Amino acid sequence: SSASLRYRRVLLKISGEALMGSGQYGIDNETVSRIANEIKDAKELGAEICLVIGGGNIFRGVSPAAQGMERASADYMGMLATVMNALAVQNALERIGLYTRVLSAIEMTAICEPYIRRRALRHMEKGRIVIFAAGTGNPFFTTDTAAALRAAEMGCDALLKGTQVDGVYSADPKLDPDAERFEHLSYHEVLMRDLKVMDQAAISLTRESDIPIVVFPIGVGGGVVGALTGEGASTVISD
Ligand code: UDP
């Protein structure tokens with residue numbers, strides 16, 4: 001039943017770093033499996049789920065490796081990295097019996113479908129997990145912005161932002177023992193206090209579309225279900 005769900009259709013944003021596990025870069029299969037299982041649990045509760053996955057674990061447009069490169073070219077490499085992550089997550093989801101489609105903002109028809117909004121909606125109606133790859137398809141953007149954009153396009157009830165911590169803090173809780181955790185924030189507060197939740201473009205987009213952002217711990221036990229039911233620790237950002 002979906003009775004206990006606060007949100008029915010959600011976009012889950014997973015940063016590339018969340019796939020590294022304890023590694024310094026790349027993809028840790030065990031971590032990806034753990035995340036896949038959290039997604040399966042949420043699906044079984046009746047949630048409709050689509051995903052945007054970052055690429056920071058493989059490539060970042062502003063990384064040292066990209067220095068000396070034209071920004072746009074480096075960003076395209078970053079977008080290609082998100083496609084690799086999308087395929088890794090697709091595999092992990094299929095291994096545990098879920099139906100998925102990868103839709104890329106940059107056409108790569110030998111590997112995945114091109115992003116077509118109506119097709120993505122149809123996949124979701126059929127209960128497939130849609131994985132949006134290649135960010136927005138544009139350099140100078142981030143996968144946070146892509147997440148906000150796709151959440152709006154898919155008519156999502158919430159944007160779930162999986163992180164390593166259990167919400168948004170006033171300071172980095174790993175560095176500052178007095179850091180305070182917020183239960184709720186407004187979009188305005190996030191922007192004014194310059195809290196590092198998602199980039200400003202993403203916050204503005206979700207605010208305009210009136211989509212709450214739920215910041216919650218992923219792959220560390222809290223789980224996607226906790227964010228969907230409100231039973232797990234999280235910070236909710238809304239008006
Ligand atoms: N990127 C881009 N346009 C987009 C999404 C991503 O140019 O719409 C590039 C950008 O270089 C970014 C990289 O892809 O640094 C990886 O994405 P991001 O940093 O958002 O990944 P995350 O931090 O979530 O792992």
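This is a short tour of a predicted model, moving from a central strand to the surroundings of the ligand and then to two loop residues.

Begin by selecting strand E1, residues 9–14. Five of its six residues are buried, so E1 is largely enclosed by the rest of the structure, and it may help to hide the other elements while you look at this strand.

Next, bring back strand E2, residues 48–53, which runs parallel to E1 and is joined to it by six bridges. If you then add helix H1, residues 29–44, you have the three parts of a β-α-β unit, made by E1, H1 and E2, and this unit is right-handed.

Keep E1 on display and select strand E6, residues 158–163, which pairs with E1 in the parallel sense over five bridges. Val 10 is a convenient residue on which to centre the view, since it can be followed to both partners: in E2 it stands opposite Ile 49, and in E6 it stands opposite Ala 158. When you inspect the side chains here, bear in mind that in a regular strand they alternate between the two faces of the sheet.

Now turn to the ligand and select the residues around it, of which there are 22. Those that come nearest are Gly 54, Gly 56, Gly 61, Gly 78 and Gly 135. Two helices, H2 (71–95) and H4, are the elements that give two or more residues to this shell, and H2 provides the largest share, with five residues. Colouring the shell by class will show 12 polar residues, six nonpolar ones and four charged ones.

From H4, which spans 143–153, step back into the loop that links strand E5 (129–133) to this helix, and select Phe 140. Is this residue buried or exposed? Phe 140 counts as exposed, because it has 11 C-beta neighbours inside 10 Å, and the cut-off for that class is 12 or fewer. Its backbone also deserves a look, as phi of Phe 140 is near 75°, a positive value in a residue other than glycine. Most residues other than glycine have a negative phi.

The last stop is Asp 210, in the loop between helix H6 (200–209) and strand E8 (213–217). Here, too, phi is positive in a residue other than glycine, with a value near 60° for Asp 210. With 10 C-beta neighbours inside 10 Å, Asp 210 therefore counts as exposed.

Conventions: Residues are numbered from 1 along each chain as its sequence is written. This is a predicted model: local features need pLDDT of at least 70, side-chain atom pairs count only at pLDDT 80 or more; totals for chains, interfaces and linings use all residues. Helices (H or I, at least four residues) and strands (E, at least two) are DSSP runs, numbered from the N terminus. A residue is buried if 20 or more other C-beta atoms lie within 10 Å of its own, exposed if 12 or fewer, and partly exposed in between; C-beta atoms are placed from the backbone. Two strands pair if DSSP finds at least two bridges between them. A crossover is right-handed if, with the strands pointing away from the viewer, the path from the first strand over the helix to the second runs clockwise. A residue is near a molecule or strand if its C-beta atom, placed from the backbone, lies within 6 Å of it. Ala, Val, Leu, Ile, Met, Phe, Trp, Tyr, Cys and Pro count as nonpolar, Asp, Glu, Lys and Arg as charged, and the others, Gly among them, as polar.
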